[in-house]
Amino acid sequence: MAGEGCARSPASRLMSPSPPRILHVSHTSLVSGAEHSLLDLAAGLSALADVQLAAPHGDLLERARLRGISTVPVRQVDLTFKADRTALARAALDAGIAARELSASIRGGRRDVLHANSVRAALFGGPVARRHRVPLVMHVRDVLPGGLAGRAARRATAHQASRIVAISAYAARAFCDGLPAALAARVTVVDNPVDLRRFARRDAGARAAARRQLGLTEEQPVLAIVGQITAWKGHDLAVRVLAAVRARHPDAVLLVVGEVKFVSAATTLDNPSFRRDLERLAAELDLPADAVRYLGERGDVPRLLEATDLLLAPSTVEPFGRSIAEAMAVGVPALATRRGGPPEFVEHERTGWLLDPADAAGWSATALAALGDPERLARIGGAAADAARARFSCDRHAAAMFALLDAVRA
């Protein structure tokens with residue numbers, strides 16, 4: 001459900017006599033991994049600070065309001081890194097309007113810190129923060145495309161930001177590539193949060209109940225991939241892994257949790273075409289219609305994970321891996337990409353598996369070996385849950401971000 005997520009921190013008693021007034025800024029109203037993390041952060045900080053969220057009209061603002069977060073609507077800004085003069089001109093116009101709307105929320109000293117939830121948000125939020133002499137904290141949640149536009153965006157926003165938060169050391173390195181050391185020194189790595197109340201450690205009863213609700217048997221091997229449908233997430237490799245698994249387990253299924261999110265002209269990849277390609281691939285591999293189950297955007301991801309044996313996360317590049325951390329918290333082992341952030345918290349063959357997304361045969365062999373050894377699978381799932389619950393709590397994330405945001409206003 002839209003209102004689910006990290007609750008307000010019980011640490012409200014620690015609020016200072018003059019709590020910081022924080023304005024979170026998002027360039028998009030669509031809710032994907034970065035926006036889920038922003039909602040969890042804003043909810044966690046609400047007990048420690050005066051929090052407001054500025055974003056375009058749409059799903060993100062609605063979810064924020066349901067969680068009691070004050071909101072401010074601003075213009076949607078589809079900033080693109082493609083060489084498209086028309087799209088760039090439209091984005092520049094929208095950014096100017098969004099900046100004026102954002103400025104009204106800061107004017108008169110009503111905000112102490114501006115937190116841009118992405119580099120794109122910082123591109124129009126940074127000049128506003130500078131104009132009003134409000135410190136800017138920028139969150140680096142993805143890896144920008146290469147090329148001149150990406151390099152210019154990284155350099156411009158790094159100059160404007162007082163502090164830069166990266167969701168992984170990998171994302172930090174990618175952002176800092178080519179930047180002067182003085183700018184790179186502004187970067188701090190802070191893990192994304194996982195709502196450990198929602199993503200509770202499952203037991204045998206929870207697994208059985210979740211499978212009954214989905215019409216699955218106790219014995220069926222169940223694979224899942226969770227996240228927006230886009231080529232870099234590797235859904236095509238997940239379909240190929242399912243085909244290999246079904247050669248030995250004919251009743252195995254793949255749950256595809258998520259949908260095509262980004263479809264505007266500013267989006268680099270043709271995500272709708274990729275979605276159609278997945279269906280063609282399944283047909284080419286002779287998979288029956290019910291083998292790959294497209295479940296769409298769901299509010300019951302913890303229940304779907306409870307029914308899952310293995311999470312697949314074969315991204316070609318993964319800045320962090322939110323779905324991996326959530327699956328680990330439930331006790332579901334992940335076959336995760338070794339390209340990007342997952343190696344920073346997944347220990348190969350102890351809390352999951354790390355694989356190269358170019359090695360389709362290796363993914364299939366590892367999945368078959370894991371499913372063929374239920375005791376080992378359960379042992380790795382237990383170790384994954386212990387590791388996730390020790391590292392990814394919302395309270396820990398909110399405390400780290402509060403300290404950083406509070407410090408820059410001094």
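**Figure 1. Arg275 and the ring of Tyr294 in the predicted model.** Arg275 is placed over the face of Tyr294, with a distance of 3.7 Å from the ring centre. Tyr294 falls within strand 10, which spans residues 292-296, and Arg275 falls within helix 10, which spans residues 271-284.

**Figure 2. The aromatic pair Phe320 and Phe392.** Three aromatic pairs are found in a search of the whole structure. In the pair of Phe320 and Phe392, the geometry is edge-to-face, with 5.9 Å centre to centre and 90° between the planes. Phe320 belongs to the loop between strand 11 (310-313) and helix 12 (322-330), and Phe392 to the loop between helix 14 (374-391) and helix 15 (394-408), so the pair ties together parts that are 72 residues apart in sequence. Both Phe320 and Phe392 are buried. Phe345 joins Phe320 and Phe392 in a cluster linked by ring pairs.

**Figure 3. Helix 12 and its surroundings.** Nine of the nine residues of helix 12 are buried, and the helix is mostly covered. Among these buried residues are Arg322 and Glu326, together with Ile324, Met328 and Val330. The buried residues of helix 12 pack against three helices and three strands: helix 1 (33-45), helix 11 (301-306) and helix 14, and strand 8, strand 11 and strand 12. The helix lies across strand 8, strand 11 and strand 12 (334-337), and its direction is at about 170° to strand 11. Gly331 follows helix 12 and has a positive phi, near 105°.

**Figure 4. The open sheet of six strands.** The strand order is 10-9-8-11-12-13, and the pairing is parallel. Strand 10 (292-296) and strand 13 (353-355) are the edge strands, each pairing on one side only. Between neighbouring strands of this sheet the average turn is 25°, with direction ignored. Within the sheet, strand 8 (residues 222-226) and strand 9 (residues 253-257) are paired in the parallel sense over five bridges. Ile225 has Val256 of strand 9 as its bridge partner.

**Figure 5. The open sheet of seven strands, with helix 1 and helix 6.** This sheet has the order 3-2-1-4-5-6-7 and parallel pairing. Its edges are strand 3 (70-73) and strand 7 (187-189), each of which pairs on one side only. Neighbouring strands here are turned by 25° against each other on average, direction ignored. Four bridges join strand 5 (residues 136-140) to strand 6 (residues 163-166) in the parallel sense, and Val140 has Ala166 of strand 6 as its bridge partner. Helix 1 packs on the sheet and touches strand 1 (21-25), strand 2 (50-55) and strand 4 (113-116), with its direction at about 170° to that of strand 1. Helix 6 (residues 169-176) lies across strand 5, strand 6 and strand 7, and runs at about 160° to strand 7.

**Figure 6. Ser103 in helix 3.** Ser103 is part of helix 3, which covers residues 85-106. Its relative accessibility is 4%, so Ser103 counts as buried. With neighbours within four places in sequence set aside, the contacts of Ser103 are Val128, Arg131 and His132. Val128 and Arg131 fall within helix 4, which spans residues 119-131.

**Figure 7. Arg133 and Asp286, two loop residues with positive phi.** Most residues other than glycine have a negative phi. Arg133 has a positive phi near 55° and sits in the loop between helix 4 (119-131) and strand 5. At 79% relative accessibility, Arg133 counts as exposed. Asp286 also has a positive phi, about 60°, and is not a glycine. Asp286 is placed in the loop between helix 10 (271-284) and strand 10. Its relative accessibility of 68% means that Asp286 counts as exposed.

**Figure 8. The protein chain as the setting for the close-ups.** The chain holds 15 helices and 13 strands. Its radius of gyration is 21 Å, close to the 22 Å that the globule rule gives for 410 residues, so the chain is as compact as a globular protein of that length. The C-alpha trace spans about 65 × 50 × 40 Å along its principal axes. Of the 410 residues, 56% count as buried. Among contacts in the chain with a separation of 6 or more, 70% are between residues 24 or more positions apart.

Key
Residues numbered from 1 in each chain as written. Predicted model: local features only at pLDDT ≥ 70, side-chain atom pairs only at ≥ 80, totals over all residues. Heavy atoms only, no water. Phe/Tyr/Trp six-rings, centres within 6.5 Å; stacked < 30°, edge-to-face > 60°. Buried < 20%, exposed > 50% of the residue type's maximum accessible area, 1.4 Å probe, protein only. Lys NZ or Arg CZ within 6 Å of the ring centre and 35° of its normal. Pairing = 2+ DSSP bridges. Axes fitted to C-alpha atoms, helices over the stretch in contact; angles between N-to-C directions. Contact = heavy atoms within 4.5 Å. Rg over C-alpha atoms; globule rule 2.2 N^0.38 Å.
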